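Subject: Structure handover

Hello,

Here is the structure you asked about. Please open it alongside this email, and my notes follow below.

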Amino acid sequence: MTAPRIEIDLDAIGHNTRVLVDRLAGRGIQVTAVTKAVLGHPEVARALVGAGVRTLGDSRMENIEAMRRAGVEARMSLIRSPMASQAERVVASADRSHNTELSVVSALSAAAVAHARPHGVVLMVELGDLREGIMPEDLESFVEAMWRLPNLRLDGIGTNLACRNGVVPSDRNMRELSQLVESVESRFDRHLSVVSGGNSASIEWALTTDSVGRVNDLRLGEAILLGREPLHRHPLKGLRTDAFTIVAEVIESKRKPAQPWGEIAQAAFGTPQTASRTGKIVQSLLALGEQDVDPAGLVAPTGVHILGASSDHLVVTTEDLLVVGTTIRLAPNYSALLRAMTSPFVTPTTLAPVTRGHGRRG
Ligand SMILES: *Cc1c(COP(=O)(O)O)cnc(C)c1O
């Protein structure tokens with residue numbers, strides 16, 4: 001099998017999806033499954049839909065178009081504010097998009113008229129994390145202006161927290177979101193069907209708060225794919241954290257001094273890490289580097305320690321020599337997953353149920 005590769009366990013993803021869909025349904029919240037970390041991989045998308053998700057969200061049109069081409073049957077939502085230059089593509093392939101700029105919404109309206117295809121809009125409001133969002137005090141005038149634009153449907157309101165500044169979803173900011181929904185509804189005398197409260201960082205709030213208020217949707221990527229919440233990266237109860245495995249091949253294994261020699265300046269990626277050990281160690285190279293993954297986001301198996309990485313090499317140490325040509329399996333965090341899926345050098349490989357082996361955790 002080709003290396004490096006990223007093995008995708010669709011059973012694990014399906015399991016995580018079902019658990020989260022069920023738990024959040026108990027709180028009146030539906031799941032929009034976010035596919036950007038897997039670039040809209042069609043088999044992953046089908047696993048999500050098969051496990052009860054009805055809306056898929058992605059931040060990039062290329063990924064939404066790939067899922068459409070593959071015939072994935074779901075509502076598709078562009079969760080990053082569209083580029084005005086892509087308005088036509090957005091309307092052609094996405095059912096809905098998340099927006100913060102009136103000029104973009106106008107461009108979507110024009111495209112929606114040209115294509116005779118109505119387009120749904122979720123307006124994102126800024127609640128303190130300082131990434132995307134209309135300032136709350138500007139929301140009503142935005143809606144007022146949007147009202148006049150043909151072929152657009154105001155589906156709802158959303159917010160995003162935690163991603164840029166780590167602002168924690170709380171009763172306080174979620175109550176503000178619900179209040180904004182209600183003030184827009186009463187001012188314009190209409191019901192907003194989607195109140196999208198946040199990403200995986202909102203799960204803990206959603207499952208423990210006394211009242212979710214009007215929040216009825218969460219956009220979940222990391223929690224489904226890696227089984228962890230992003231605020232503390234704790235595993236979520238009952239979820240699998242082993243859906244993705246990076247497999248890399250050993251290309252050199254030798255006993256070498258632990259310490260470099262010669263005059264020391266910068267390394268390929270800045271200041272080199274100082275080696276803590278002295279004497280000789282077993283050092284091995286894997287054909288995997290910065291161009292394939294985020295090496296800092298890898299967990300090596302027991303007995304293998306990562307010493308460093310450059311563009312194309314991951315340097316590891318073990319007790320005994322490794323056999324050149326064999327492979328090592330590593331667990332990626334979100335950053336390593338994102339880069340591996342994006343790298344043309346890493347082959348995504350879905351595990352077919354029949355090839356699945358023994359002793360896997362379930
Ligand atoms: C990436 C993204 C998500 C999903 O975030 P996770 O932390 O992976 O759940 C949700 N909403 C928006 C706007 C995003 O960009």
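I start with the lining of the largest pocket: strand E10 (244–257), E11, strand E13 (305–309) and strand E14 (314–318) each supply at least two of its residues. E13 gives the most, with 4 residues. Keep in mind throughout that this is a predicted model.

**The two pockets**

The largest pocket has a volume of about 1,000 Å³. Its lining counts 35 residues. Nearest its centre lie Gln273, Leu307, Gly308, Ala309 and Val315. By class, the lining splits into 19 nonpolar, 11 polar and 5 charged residues.

The second largest pocket holds about 600 Å³ of space. Here 28 residues form the lining. Lys36, Arg131, Asn160, Cys163 and Asn199 lie nearest the centre of this pocket. Its lining divides into 11 nonpolar, 9 polar and 8 charged residues.

**Serine 284, in E11**

Serine 284 sits in strand E11, which covers residues 280–286. Is serine 284 buried or exposed? Its relative accessible area is 0%, and buried means under 20%, so serine 284 counts as buried.

The side chain of serine 284 has a polar contact with the side chain of serine 253, at 2.8 Å. Setting aside neighbours within four places in sequence, serine 284 is in contact with Glu252, Ser253, Leu314, Val315, Val316, Thr318 and Leu322. Val315 appears in that list, and Val315 is also among the residues nearest the centre of the largest pocket.

**The cavity**

The structure holds 1 cavity of 30 Å³ or more. About 40 Å³ of space lies in it. Which residues line this cavity? They are Thr32, Thr55, Ser77, Arg96, His98, Val122, Val194, Ser196, Asp217 and Arg219. Three elements give two or more residues to this lining: strand E5 (96–99), strand E8 (194–196) and strand E9 (217–220). By class, the cavity lining has 2 nonpolar, 5 polar and 3 charged residues.

**Threonine 55, on the cavity lining**

Threonine 55 is one of the cavity-lining residues. Threonine 55 belongs to strand E3, residues 55–58. Its relative accessible area is 3%, so threonine 55 is buried.

What does the side chain of threonine 55 make a polar contact with? The partner is the side chain of arginine 75, at 2.9 Å. Beyond its neighbours within four places in sequence, threonine 55 is in contact with Val31, Thr32, Ala33, Arg75, Ser77 and Arg96. Of these contacts, Thr32, Ser77 and Arg96 also line the cavity.

**The aromatic pair**

A search of the whole structure finds 1 aromatic pair. Tryptophan 147 and phenylalanine 188 form it, and the pair is tilted. The ring centres are 5.3 Å apart, with 40° between the planes. Tryptophan 147 lies in helix H6 (residues 139–147) and phenylalanine 188 in helix H7 (residues 171–188), so the pair ties together parts that are 41 residues apart in sequence.

The two partners fall into separate burial classes. Tryptophan 147 has 39% relative accessibility and counts as partly exposed. Phenylalanine 188 has 14% and counts as buried.

**Backbone points to check by eye**

Alanine 3 and proline 4 are joined by a cis peptide bond, with omega about -5°. Proline 4 is in the segment before strand E1 (5–8).

Leucine 39 is not a glycine, yet has a positive phi of about 55°. Leucine 39 lies in the loop between strand E2 (30–34) and helix H2 (42–50). Its relative accessible area is 33%, which makes leucine 39 partly exposed.

Asparagine 151 also has a positive phi, near 65°. Asparagine 151 lies in the loop between H6 and strand E7 (152–159). With a relative accessible area of 29%, asparagine 151 is partly exposed.

Best wishes

Methods
Residues are numbered from 1 along each chain as its sequence is written. This is a predicted model: local features need pLDDT of at least 70, side-chain atom pairs count only at pLDDT 80 or more; totals for chains, interfaces and linings use all residues. Side-chain values use heavy atoms; hydrogens and water are left out. Buried means under 20% relative accessible area, exposed over 50%, partly exposed in between (1.4 Å probe, protein chains only). A polar contact is a pair of N or O atoms within 3.5 Å; within protein, one must be able to donate a hydrogen and the other to accept it, and residues adjacent in sequence count only if both atoms are side-chain atoms. Contact means heavy atoms within 4.5 Å. Rings of Phe, Tyr and Trp (its six-membered ring) pair if their centres lie within 6.5 Å; planes under 30 degrees apart count as stacked, over 60 as edge-to-face and the rest as tilted. On a 1 Å grid over the protein atoms alone, a cavity is a set of points where a 1.4 Å probe fits but cannot get out, and a pocket is an open set with protein on both sides within 12 Å along at least five of seven lines; lining residues have an atom within 4 Å of a point. Grid points are joined across faces, edges and corners, and a volume is the space filled by probe spheres set on the points. Ala, Val, Leu, Ile, Met, Phe, Trp, Tyr, Cys and Pro count as nonpolar, Asp, Glu, Lys and Arg as charged, and the others, Gly among them, as polar.
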